[in-house]
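Me: I'd like to learn how to read a protein model without getting lost. Could you walk me through some features one at a time?

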There are 2 protein chains.
Amino acid sequence: MRLLDGRTLSDKIKSEIAQEVKNDFLDKGKPAPHLAAVLVGEDPASETYVNNKEKSCREVGFISSIYRYPAGIPEKKLLEVVDFLNKDDEVDGFIVQLPLPGHIREQNIIERINPLKDVDGFHPVNAGRMMLNLPAFLPATPFGIMTLLERYNIETEGKHVVVLGRSNIVGTPISLMLSRKAKTANATVTLCHSYTHDLKKFSLQADILIVAMGKQEFVTADMVKPDAVVIDVGMHRIPSSDTKSGFRLKGDVKFDEVSKKCSAITPVPGGVGLMTIVSLLLNTLKAAKKEIN
Amino acid sequence: MRLLDGRTLSDKIKSEIAQEVKNDFLDKGKPAPHLAAVLVGEDPASETYVNNKEKSCREVGFISSIYRYPAGIPEKKLLEVVDFLNKDDEVDGFIVQLPLPGHIREQNIIERINPLKDVDGFHPVNAGRMMLNLPAFLPATPFGIMTLLERYNIETEGKHVVVLGRSNIVGTPISLMLSRKAKTANATVTLCHSYTHDLKKFSLQADILIVAMGKQEFVTADMVKPDAVVIDVGMHRIPSSDTKSGFRLKGDVKFDEVSKKCSAITPVPGGVGLMTIVSLLLNTLKAAKKEIN
């Protein structure tokens, strides 16, 4: 069994990015790529995520900025913030951290972002360009999975990929990306979800099983074909007295038993999660290099 | 075996549209919905298709116009035509008939169309909004298939749909539409294509088999599960001395043998093809009613 180690790989890619920032930006007298984040309210998970982004930016030499607003900010005002960042030539890409407070219509905010700065890849133009196999900013988590498969030389062409979970930010886009005519793609993809009958019938067929259901340790060894590749997108905090933080992370896959049966698997933590932030950095680099247009 | 009769259904929907044009537009003193088509060059298939659209528009009481340009029109000039139609308040929706001559970059033209008038549903914004399950203009052929399934009360929820062919205008969008959380959807969908190994393994699992491969009579009875529903998107002209036109139409499915095994099937001609033009009329009606925004 091979461990698809998101930590080692994300460190490696970050050092590649840092090198590129030095060679292609700083040494040429150009400013480093700049990622901005808009944070509304004081959701602890969002705080953590945005802080991690800032830390990763520093590691690779990006400029990073955070725009903080109180939870009560009116939608109109937040749209003006987006307009400002759209126009600011010093910002290459930006994200508006989700979820937003209930009085703000998220879709209005997302669709206001200039698609050329939409490094989260949530704007419909980027979703559509991805579907049409045109250059686009890919949403971070599925892009991270693609990078992981590519860097670990997991063959996808002609393989049967089964995706469990059809969210807009993971399951649906990864099923599209892997079924397209492209490198690290050309797979036969089945997309399963809460309405699927006899899930096991499908999961057992998977050469590559991608689990993004949001159900803790749902996938057990009896649901996995011997020697399958298993990608676990789940992330669940469970209380624990063994750790300083007071919790441990678990995925959607029962790692202990599934890891004995499969040929390769991503751990939680240390798997897909770390690839997500790296994807955001890669998207920001693309934005700074004007690779998407 | 039930014949999913696109002719009867499309006639029924056209008379519903005609009624709506009368009640909600003409009787209220409003102009009828207006569909424009841009036709470049003299490709006979395109001519036929555009003429059929014009005829269908007349049948339902729509205003219809055709903008004809010689094959040599520069891309810049065609972009100006698109800009003009985007701005023309009297035009509710328009299409630029594809394919375009080789010197014109089709994607440039498609992306120039105002997404709110993009009744072909080819603009990335509409593809993306469809993927994200937001209101959008759906591409005509998959929209026609959805309408056919819905009007014939074919249960899709929890069913295994297998789609053969991953084109941007049929296979990929229909696989997305049927896997979304929505009415006439919620299916488990497998998307197969030229890189799929052992296609029959997949087609034999299908409760609903959608064939859009562009290979004449490719699907034979041994590839179909008993009592499956079969949707044939293929359209092949073969020479024939039996018809006045000198040709007959065949689909991607070997109708004679498959129809004996399945529970329902679309014929060719008289199936999906006729639903495509009806979808374009429905999209134009939506555009005129400003239902998508």
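Me: Let's start with A:V119: is A:V119 buried or exposed, and why?

Reply: The idea is to count neighbours: a residue is called buried if 20 or more other C-beta atoms lie within 10 Å of its own. A:V119 has 31 other C-beta atoms within 10 Å, so A:V119 is buried. Keep in mind that this is a predicted model.

Me: Where along chain A does A:V119 sit?

Reply: You'll find A:V119 in the loop between helix 4 (106–112) and helix 5 of chain A.

Me: And what does A:V119 touch?

Reply: Leaving out residues up to four places away in sequence, the contacts of A:V119 include A:L35, A:G93, A:F94, A:I95 and A:F137. A:L280, A:N283, A:T284 and A:A287 are also touched by A:V119. Take A:G93 as an example: A:G93 and A:V119 are 26 residues apart along the chain, yet 5.7 Å separates their C-alpha atoms.

Me: Okay, zooming out. Which domains is chain A divided into?

Reply: There's domain 1 (29–114) and domain 2 (140–272). Going by C-alpha atoms, the centres of domain 1 of chain A and domain 2 of chain A are 29 Å apart.

Me: Now the two chains. How do I describe the way copies are related?

Reply: In general, two copies of a chain are related by a rotation about an axis and a shift along it. Here, a turn of 180 degrees and a shift of 0.0 Å along the axis lay chain A on chain B with an RMSD of 0.0 Å. That's why we can speak of a two-fold axis.

Me: How many residues are in contact between chain A and chain B?

Reply: 26 residues of chain A are in contact with 26 residues of chain B. On chain A's side, the elements giving two or more residues are helix 5 (124–131), helix 7 (171–179) and strand 6 (188–192). Helix 5 of chain A gives the largest share, 7 residues. By type, that side of chain A has 11 nonpolar, 12 polar and 3 charged residues. And 100% of the interface residues of chain A are also interface residues in chain B, so the copies meet through the same surface.

Me: What does strand 6 of chain A do there?

Reply: Strand 6 of chain A is joined by 3 bridges to strand 6 (residues 188–192) of chain B, and the two run antiparallel. Look for A:T190, whose bridge partner is B:T190.

Me: How many residues of helix 5 of chain B are buried?

Reply: A handy idea first: an α-helix has 3.6 residues a turn, so residues three or four places apart point the same way. Now the case: in helix 5 (residues 124–131) of chain B, 8 of its 8 residues are buried. Among them are B:P124, B:R129 and B:M131. The cover for these buried residues includes helix 5 and helix 7 of chain A, plus helix 4 (106–112) and helix 7 (171–179) of chain B. Just after helix 5 of chain B, B:N133 has a positive phi of about 65 degrees.

Me: Last one: how do I read the faces of a strand?

Reply: In a regular strand the side chains alternate between the two faces of the sheet. Try strand 8 (residues 229–232) of chain B: B:V229 and B:I231 are buried on one side, B:V230 and B:D232 on the other. Strand 8 of chain B pairs with strand 7 (residues 208–211) of chain B in the parallel sense over 4 bridges, with B:I231 as the bridge partner of B:I210. Strand 11 (residues 264–265) of chain B also runs parallel to strand 8 of chain B, joined by 2 bridges, and there B:I265 stands opposite B:V230.

Methods: Residues numbered from 1 in each chain as written. Chains lettered and ligands numbered in written order. Predicted model: local features only at pLDDT ≥ 70, side-chain atom pairs only at ≥ 80, totals over all residues. Domains from an automatic or database assignment. Contact = placed C-beta atoms within 7 Å. Nonpolar A, V, L, I, M, F, W, Y, C, P; charged D, E, K, R; others polar. Pairing = 2+ DSSP bridges. Buried ≥ 20, exposed ≤ 12 C-beta atoms within 10 Å, placed from the backbone. Least-squares fit on C-alpha atoms with pLDDT ≥ 70 in both.
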